[in-house]
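Q: Could you walk me through reading a protein–DNA model, beginning with the fold of one chain and ending at the DNA?

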Number of protein chains: 2
Amino acid sequence: MSDANKGPARGRPRTMNAEQVLDVAMNAYWHSDPADVSVNAICQMAGISKPSLYREFGSEDGLSRAVLDRYAEQVLSEIFVILQGGMGLRETLDALIEFASSDPRMETGCLFYKMRAGKHRLGPDTRARVEEIDAVGQAAYAAFLQAARNAGDWPDGPSVEAGAKYLGEQVALAITQRASGEDPARIREMLTLALSVISRS
Amino acid sequence: MSDANKGPARGRPRTMNAEQVLDVAMNAYWHSDPADVSVNAICQMAGISKPSLYREFGSEDGLSRAVLDRYAEQVLSEIFVILQGGMGLRETLDALIEFASSDPRMETGCLFYKMRAGKHRLGPDTRARVEEIDAVGQAAYAAFLQAARNAGDWPDGPSVEAGAKYLGEQVALAITQRASGEDPARIREMLTLALSVISRS
DNA sequence: TCATTTTTATACTATCCGGTATTTTATTTC
DNA sequence: GAAATAAAATACCGGATAGTATAAAAATGA
């Protein structure tokens, strides 16, 4: 707990860099689909052996869960930043639209949404983490909408929970469409239309 | 071409019923996911041997394509009936909402949308058919919206193509959410909200 | 009865998967 | 330099997959 020992001195020094493996796996999962990338393929792409990967991550489930954690803090956090930035309703929605339809990192879709869509194919740990992140995300959308309603920016009508779900699913839909090569301008147009029911111009 | 010969007189009579096999396969694909149902499993469920299935359908791709054709004429046709029923804008949208959020057949989602979501995992023939059906569907949505605009029911703003895509994707989203166990009332609320931008109450 | 035809049933192939046992290699400690 | 240690590389295991070769069975025609 005092000084973070950088590995034991004894034994053959390890050549495997766990973070680099995570990066390789994250990009592979992200660019195609978690269900279509085997651990064999990841080992080959990362230039490591299978036992090394299993010693580090325990199982495919352990790897994908670690990848998801990394993705959450590196990428998903951006959405939370937008939602919790304290901007007004309109500006926040515009930022969400901008992110979903134009952020270059979402060009091949969102790894989290891909995992959520194929939840039943994930290992138990990864699946549990997906559900946890999903719940946290929904809560963030709900908190944002509640604040807007308290400020009088979002008129009464749908419940906060329904609005949060709606908002989250529309963003997810837009980003998922980017992965299927849809024209970003068209996606922006559709997402703007969908979110216009929350904040009419 | 004259009389439809019901099988050759010679040889061992076949016990396999192609339509029953298609029903079994369709329900299996539909209830879970095409990518998660093997030909082995279908043979077992249908009580037939693998060579029989391959003689009838040629390949897994041939089977899934035949299933998709069957699904299109048995189930998807209903959406076209709604779109081409000649009802007013509002009534047609309400019928779409009713179908997507409450039709018991959509309780486990839509096989077509499942196939479209996992397009890259399908064989070439099935994938081509998915794209074809997708295009026909979009055209049907577009024709419907064009008629509404001509009748003055749908004010200018989004292009007909954008509106058609939006409408189709919102219906797909609602039905897909049913497969993940979302509360139908909540789904109806969200879909109603989404479609309210086309026909405000 | 016996050859022909067509379908069925069984058993098999090749490949890929996640996961692991075993051996080899590189390092520190003594 | 030898023992100990830890990682890496290779080769393997059991299981599932799509697809097929082969043999058995059930009918017809002569």
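Q: How many helices and strands does chain A have?
A: Helices (H or I, at least four residues) and strands (E, at least two) are DSSP runs numbered from the N terminus. Here chain A has nine helices and zero strands. By the way, this is a predicted model: local features need pLDDT of at least 70, side-chain atom pairs count only at pLDDT 80 or more, and totals for chains, interfaces and linings use all residues. Residues are numbered from 1 along each chain as its sequence is written, chains are lettered from A and ligands numbered from 1 in the order written, and side-chain values use heavy atoms, with hydrogens and water left out.

Q: What share of chain A is buried?
A: Buried means under 20% relative accessible area (1.4 Å probe, protein chains only). Of the 201 residues in chain A, 48% fall in that class.

Q: Now the DNA: which residues are closest to strand D?
A: A residue counts as near a strand if one of its heavy atoms lies within 4 Å of it. For DNA strand D, 23 residues do, the closest being A:Thr15, A:Arg55, B:Lys50, B:Tyr54 and B:Glu60. Among the strand D atoms within 4 Å of the protein, 71% are sugar or phosphate and the rest belong to bases.

Q: Which phosphate contacts should I look up?
A: A polar contact is a pair of N or O atoms within 3.5 Å. A side-chain N or O of A:Arg14 sits 2.9 Å from a phosphate oxygen of strand D, a polar side-chain atom of A:Ser52 is 3.0 Å from one, and B:Val39 uses a backbone N or O at 3.3 Å.

Technical notes
Polar contact = N/O pair within 3.5 Å; in protein donor to acceptor, adjacent residues only side chain to side chain. Buried < 20%, exposed > 50% of the residue type's maximum accessible area, 1.4 Å probe, protein only.
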